[in-house]
Structure formats: structure tokens, C-alpha cells
Amino acid sequence: MANAHSFAVGILLLTALLFPGWNVEARTAIVKAGAGWKLEVDGQPYVAKGVTFSGTGGPANFDRDCEQLRALGVNTLRTWGTGEETPALLNAAHKHGLRVLVGLWLRPGRAGMENDDAFDYARDAKGREAQLQATLAQVRRFKDHPAVLAWGLGNEVILNSPDEPSKVAYARFLEKVVRAVKKADPGHPVLSVDAWTLGIPLWEKYVPSLDAYGLNVYGRGVHALADAVKQAGGRKPWFITEFGAQGEWEAPKDARSLPVEPGDGEKYAVIVDGWRNALAPHVQAGRCLGLFVFNYSATLDHTGLWLGMLSGTSTRPAWHAVGEAYTGTKPEPALPVPVRLEVRGVEKGWADVAFDVTSATPLDVSFAYNFRGAATRAERDRVTVLESRKGSTPGTWRVRLPAVTGAIKLYGLAKDGAGNLVAATTSVAAPVVP
């Protein structure tokens, strides 16, 4: 026993030397509180006011990223997995008083929204064991870092499973992973993440060791979430692990069969309304333990423009909506407001475009496109700036269409002097340009 004790003490001392500032006693718990639950960090009540985190340029920017997010009222980050950048992120988060819901990636059951990977949970026993051991290695590596809030296993694996037997096989495996993680680290709760309430019946039946649910929810349907959890048989607290405007996958389609993107005003409003009105009563009642708005990333692509907080170095409406939701502070100066984006005609590869934006300050206007009919995933996500010139009347432009055949998504982009970028979208049938 003495030797074991000495070894444990040695490990703690080594940890302190390798990772200065780590407090190996930091602990998180979900405890029953009346008819609901409460999340506690080191014995103190905690509500996650979070964003999902991809960052703006790797570890070199993590300190600035965390500082900016803290100023927005964010107290928690969520990642989908771990990697070589994780220690730097945890250290930066801890420096600025943030916690991290650390993602532990589990492979999807079919190629889909996540990536083009696919794993057979029903038959690949060696692959299951490899995932289990890889997961435990990450838990052991990071469990004593004081920035760790909890573990989030998988992301929409049930959604991306091909059939019911595969879903059940994954759920049974998930229970094994949850138990192993909790044995390796009894000091942090474990949740699993899936879309809407799809996972709840399987979690309740096959994964009883989970401490909470992670639910990815978008749009105004967040107001119906609590009832949906109850109807699905949910008996545990939940986090909303992704949230934002109505997504492409559920948006209505226009006459050219392209999903209609919500306007920037709606994107802003849904975040503020979702936190203040849809979730606040359930936070108070101890059912909802926190929210993570999607997504803090500088990537300028289709998903980033639709749902992101940033596009390159520019702030999008979601950035300011997070600030208002968590702190009550509105953007100053007021954001530009797109009023209209209209294609009035196309001739010889050029579109006549009307783009009206209300703004108190001058704007830098540009245009871009996205082609969802492209061959590869990277091409489908790409947003490409188009050549444009001012038209003959105020608020009009001539925009050169791309050399593709089919419907494209056209963006009108307007950036003010404060670095705020607003966008309007429409579709246009792009001809082949000689």
C-alpha cells in the first residue's frame, strides 16, 4: 500500500511539473436537486453558456480566442474530439476561466454529415476494441486538467447509423465505453451526443450509465424540445450540444430545389430567443444544464456562412447574438441589415443584381457563390468570391457567374468598418461561361 501511495503521489507531482497550473482536484458532478438536477463544479452551481469550438488558426490563436469568447459571456467550450492541439486549448481555456466539454470521437456508422468514414459496430469487434482503448487513452491523458468539465462521447452516430441493428450494436458498445470512462475518471460526468431526441430511447434501454444527454438542436423547434424529451422517455438532464438557426437539412426549398437559408435577422433572433425563452425555464427547473451555440470557427465556407459566428476575420450576426444571449449586451454600432438580394436578369454570363443593405456606415460589398451540385464534399462546401462591378444605378451590380451548369447559391456580402459581415442569399441558374 505504501508503494502504491508513493507511486500515486509521484504521478501527481509529475503532472504538476509537466502541466503548470493544473489542479488535479478539480471535479464536476451532476446531482439531483428536487424534481431536477444541477451541475456543480468544485461544489458550486454551474450552467454551461457555451459555444462549439474549432478556433481561428490553431494553438497560436487559442489564447486570443478564449479571451474574446470570455468577453462574450461564454464560460464553456465544446470540442468533438481530441488531438495534439487539446493541451494548448485546455491551458488557454483555464487561463481565461473557461471549461471544456471534451469530445471523445466515435466513428459514424455510415458515410454522412460527419465525414466519409463508416464503421460496422455490429461486426467489427477489433475496431470496437481499438476505439475503446483510444478513448480511454485520451481520458487518462486529460482527466486531471482543471479545464475539463465533462466528456462528450460521439456525435450523431445514431443518426448516421444505417439500420436498427447497427444502432443497437452501437448503443451496447457505448455503454461499455461509458462504464470504462467513468472507471478511469470518476470525477467528470459522461454524456453522449446525437441529433434531436433520436438517441434517447436507445440510451435509456442500452446505456443506463450515462449521466446526461447531449442533444443537437437547430431552429425554433427548440421550444418543443423539452416535451419531445419527455415523449421519447427521457429521464435524465440534458445539454444542447449544438444550436443555431434552422439548418439546411430541414429548410424549405426554393424553385431551383436549393434550401432557403434563413436571413441574418432570424439567425440572430433564434439564438437570443432560444436561450432566454425556450431554455431558461428548463434551466431553472434543472432539466437543461447548458447550451453550446454552433460554431466558433474562422472558416469561410457554406456551413460557416449559414451557422458560424465568424467568417474569416469578420464577425457574423451569431457572434453578437451569443453576446446578447449570455450578457444582455447588444452590438454597437448596430449591425447592417440586408433588405434585398435579387437577380434581375442574366446575359452572356453576367447577372444584373440588386443588393440593398441598411447601414449607418459605409459598406464594402462583394458577391460569392456556392455550388451544392459539385462532385466532392470539399467542392460542395466551398464559397468562392465572384468578379463584380457597380451597376448603372445605386444598389445594383453586375456579377460574373461561374463556369458551372446548374443552380448555384449566390451570396451578397456586406462588411462594415467594425468588421461585421452580413449576408443575403438567393439562387440563380448559372450557365456555362465560354
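Glu261, Asp264, Lys267, Arg316 and Lys409 are linked in a network of salt bridges. The model in which this network appears is a predicted one, and the structure as a whole holds 28 salt bridges. Side chains of opposite charge can pair when their charged atoms come close.

**The network around Glu261**
- Glu261 forms a salt bridge with Lys409, with 2.5 Å between the closest N and O atoms, and this pair links distant parts of the chain, since Glu261 lies in the loop between S10 and helix H8 (264-284) while Lys409 belongs to strand S20 (residues 406-415), 148 residues apart.
- Glu261 also meets the side chain of Lys267 in a salt bridge, at 2.4 Å from N to O, and both Lys267 and Glu261 are buried.
- Glu261 counts as buried because its relative accessibility is 9%, and Lys409 counts as buried because its relative accessibility is 6%, where the cut-off for buried is under 20%.

**The pair Arg78 and Glu242**
- Arg78 forms a salt bridge with Glu242, in which the closest N and O atoms are 3.4 Å apart.
- This pair too links distant parts of the chain, with Arg78 in strand S5 (residues 76-78) and Glu242 in strand S10 (residues 238-242), 164 residues apart.
- Arg78 and Glu242 are both buried.

**The sheet S1-S2-S3**
- Three strands, in the order S1-S2-S3, form an open sheet with antiparallel pairing, and its edge strands, S1 (28-33) and S3 (44-45), each pair on one side only.
- Strand S2 (residues 36-41) is joined to S3 by two bridges, the two strands running antiparallel, and Glu40 has Pro45 in S3 as its bridge partner.

Technical notes: Residues numbered from 1 in each chain as written. Predicted model: local features only at pLDDT ≥ 70, side-chain atom pairs only at ≥ 80, totals over all residues. Heavy atoms only, no water. Pairing = 2+ DSSP bridges. Helix = DSSP H or I, 4+ residues; strand = E, 2+ residues; numbered from the N terminus. Salt bridge = Lys/Arg side-chain N within 4 Å of Asp/Glu carboxyl O. Buried < 20%, exposed > 50% of the residue type's maximum accessible area, 1.4 Å probe, protein only.
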